[in-house]
Amino acid sequence: MDADRLRETYRLMLLARRYDEEAVRLQRQGELVAFPPMSGQEAAQVASVLALSPADMVFPSYRELGVAVGRGVDMTGYMLAFRGAWNGGLYDCRRNRFAPMASSVGSHLLHAVGWAMGARLDGRDEVAIVYFGEGATSEGDASEAFNFAGVFRAPVVFFCQNNGWAISVPAERQSAGEIWRRGEAFGFPGVRVDGGDAEAVFAATSAAAERARRGEGPTLIEALTHRFGPHSTADDDTRYRERAEVETARRNDPLGRLRARLAASGVPDSWFSDAEDEARLAVSELRASLAAAENPPAVEMFDFVYAAPPPALALQRSQLEELLGPDA
Amino acid sequence: MPELSMVQALNAALRHCLAAHDRTLVFGQDVGRLGGVFRVTDGLQHEFGERRVFDTPLAESGIVGVAVGLAMAGWRPVPEIQFDGFSFPALDQMLTNLAKYRGRSRGAYDMPVTLRLPSYGGIGGPEHHSESPESIYAHTAGLKVVTPSCAQEAFNLLVAAIRDPDPVIFMEPKSRYWAKEEVALEPAGLPIGRACVVRAGSDATLVAWGPMVHRCLQVASAAEEDGVSLGVLDLRCLVPLDEATLLTSVAETGRAVVVHEAPRTAGFAAEVSARLMEGAFGSLKAPVQRVTGWDVPYPSGAVEQQYIPSVDRILLAVQRVLDY
Amino acid sequence: MSDEFVFRLPDLAEGLEDAELVEWRVSEGERVELNQLLGEMQTSKALVEMPSPRSGIVRRLHAQPGDLVRVGDPLVTFEVDENNEPGVVGRVPREEAPPRRVRLRPPSQTQ
């Protein structure tokens, strides 16, 4: 990574961290229903998505705020999913090539593989990347996705963030083997990287994407990360993990590591405080835009079920509209 | 017009769609070189190449999951799940993703997936090869459920389903696969969602779909011998349901018997009779009757004819509505 | 519409080269059902019953009792119904009038 890109990575990681902290506060204030924080995973998320090109397609899970920030996804539309405004998110999937966030754990790996197969059928040199946790690798769909990707040499990057915990269940209870080694069983390479090292993540993801672009098929990346917070704002992680573990992780904060790396290369303090100011401004803008954003009207629940609503559905829509009156 | 079996008519429909639209893809287990376990895809890989007609690993969830991704990438997938009972490993992808993706993306992605599902019993199949899961799919908003009753309908409806922008669960009645009739291989151009009066009658209306349409026609012939005139309505499409034709047909006779192979409880006949109660109550001369499979897991092939609604069971129900 | 299907002598045991026809249980022109006994063959290892691989009409029996038939040579030619293969699983339902016992009383007679 060159110096510019490294600074850009830091800037976006910081932005993701500050959004993440704000989202937790917004939940505590009743503005969001629930939120799954990703603090601690910024290097894995931001550096990986920056290794892709804009035409590549991203398939996120629900804990991918850093990926969304790295991709330039509209934050208001993204956060509104956590206000319950729209399942899957209110952002424009096509503009950022960022699929609806998957909360059916592991099911979206297959969508990424199918999309990648489609890109390959078209002869386009586009790549799909799919983000998931180590818990998702226990799902049968993950194995089916690995297998299809291997058999069809699909241009897909499987990006597993192993943050050690699937809610309260530790990684060693998900799998007796090492996740990155599963690639070999399906006929493609797997690599393990330090998910707190932005440069290592960027290098591994770039190599995997280039391999896919060359038509050589998928790669499984296992990025070892830590989530500093609970599974979600509704979770109490003190019930299942030691504080010492979290403290150790925080001492190895990927943001701090990258800052030290940049500072050592001569980036001045003023640059960091400018980045902090920029993030603070963005966060306050997000808070304001969320407060101003209206939820889609209830009758929109009928509008995207089918391409055109069948008569019985159109009737149900008008019944609700009539009940709601001017509030519809 | 050529005389074709339903298998050949389905094959012709797939061939038509592959030729007419170069983003149509056919895939599933054994659909390529073998031509499918029922030969519905026979010769298609040879004609259209391995790029567009291909075998997949043995993984139903995988087949449906990649169909979702392929649709997102702008393709028009026509996957096959080999048998009704093996659609269950793919239920999560069907219910959670295929049915919901248009909504989850606020309309950004069409899901023009036609999932072909050889369905129902009557062929002496082993366990898990004779299920009637239509009400599971009909109960899942976002899916459409289409089921032909004869070769001509199979051709027309499959072409229409593949052209449809929404996900269609296309349930093919295996027990009617080999029945032949003259088939016009010109797409009728009609959208899915229309029921069809296949026999007019004045005393009562039999409502059915898929394999039970043929059974109801047998019942209507038997009734004719006794001087009773039965109409037969083929719903063809459970979602969207052609409620107007349903209500009109039943209102003309005032009596309805709804027939399906699936078990009785929460079967689609319950939905049909509820619609008749709501929309045709004033015209009904008798309570709507249901003749269905028993509330048991699909039995072994040796006794399946005692499970599937028989002519006699349907006639008894007809007598009940006539006598009321 | 019908097709011809030639049943060739399969390897009835591991590595068998030929077998002797002992007797036919069917004759030319006869309609046989799937798995109906066609005849018996004597291999170097055993006397083996030959079940019919298809249903259809026997058009030609290619050997006489006492003949030695080589593995792969034609044994029986059938005239089979086109497309009556059931696929991998199940069988083709018979197209016949289903049994009925119930007789209806028309509505005019029920009042």
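This is a short guided tour of the predicted model, one selection at a time.

Before you click, some bookkeeping: residues are numbered from 1 along each chain as its sequence is written, while chains are lettered from A and ligands numbered from 1 in the order in which they are written. Because the model is predicted, local features need pLDDT of at least 70 and side-chain atom pairs count only at pLDDT 80 or more, whereas totals for chains, interfaces and linings use all residues.

**Stop 1: the chains together**

Colour by chain and look at who touches whom. Contact here is meant residue by residue: two residues are in contact if their C-beta atoms, placed from the backbone, lie within 7 Å. Of the 2 pairs of chains that touch, A and B share the most contacts. Chains A and C do not touch, and their nearest C-alpha atoms are 24 Å apart.

**Stop 2: the side of chain B that touches chain A**

Select the 35 residues of chain B that are in contact with 31 residues of chain A. Helix 3 (60–72), helix 4 (91–98) and helix 5 (101–104) of chain B each give two or more residues to this side. Helices (H or I, at least four residues) and strands (E, at least two) are DSSP runs, numbered from the N terminus. Helix 3 of chain B has the largest share, 9 residues. Colour by residue class and you will find 14 nonpolar, 13 polar and 8 charged residues on this side of chain B. In this scheme Ala, Val, Leu, Ile, Met, Phe, Trp, Tyr, Cys and Pro count as nonpolar, Asp, Glu, Lys and Arg as charged, and the others, Gly among them, as polar.

**Stop 3: the side of chain B that touches chain C**

Now swing round to chain C: 32 residues of chain B are in contact with 21 residues of chain C. On chain B, helix 1 (6–20), helix 8 (211–225) and helix 11 (311–323) each supply at least two residues of this side. Helix 11 of chain B brings the largest share, 8 residues. The side of chain B that touches chain C divides into 15 nonpolar, 11 polar and 6 charged residues.

**Stop 4: a sheet in chain B and its helices**

Show chain B as a cartoon and find the open sheet of 5 strands, ordered 9-11-10-13-14 with mixed pairing. Two strands pair if DSSP finds at least two bridges between them. Strand 9 (196–199) and strand 14 of chain B are the edge strands, each pairing on one side only. Zoom in on strand 9 of chain B, which runs antiparallel to strand 11 (residues 230–234) of chain B and is joined to it by 3 bridges. There, B:Arg199 stands opposite B:Val232.

Next, select helix 10 (residues 268–280) of chain B; its 13 residues reach 18 Å from first C-alpha to last, close to the 18 Å expected at 1.5 Å a residue (the expected span is 1.5 Å times one less than the number of residues). Which residues of helix 10 of chain B are buried? They are B:Phe268, B:Ala269, B:Val272, B:Ser273, B:Leu276 and B:Ala280. They cover an arc of only 140° around the axis, which puts them on the same side of helix 10 of chain B; the arc is that of the directions from the helix axis to the C-beta atoms. A residue is buried if 20 or more other C-beta atoms lie within 10 Å of its own, exposed if 12 or fewer, and partly exposed in between, with C-beta atoms placed from the backbone. Turn to the face away from the buried side for the exposed residues B:Ala274, B:Met277 and B:Glu278. The cover over the buried residues includes helix 6 (134–138) and helix 9 (243–253) of chain B.

Then bring back helix 11 of chain B, which lies across strand 10, strand 11, strand 13 and strand 14 of chain B at about 165° to strand 14. Axes are lines fitted to C-alpha atoms, for helices over the stretch in contact, and angles run from 0 to 180 degrees between N-to-C directions.

**Stop 5: a covered strand in chain B**

Select strand 4 (residues 76–80) of chain B, where 5 of 5 residues are buried. B:Arg76, B:Val78 and B:Glu80 point one way, and B:Pro77 and B:Pro79 the other. Strand 2 (residues 24–28) of chain B runs parallel to strand 4 of chain B, joined by 5 bridges, with B:Val26 opposite B:Val78.

**Stop 6: chain C**

Finish with chain C, which has 1 helix and 8 strands. Of its 111 residues, 17% count as buried. Find the open antiparallel sheet of 4 strands in the order 5-4-2-7. Strand 5 (47–51) and strand 7 (68–70) of chain C each have a single partner strand, so one side of each is left without a neighbour in the sheet. In the same chain, strand 2 (residues 18–24) and strand 4 (residues 37–42) pair over 4 bridges, and C:Glu23 stands opposite C:Glu40.
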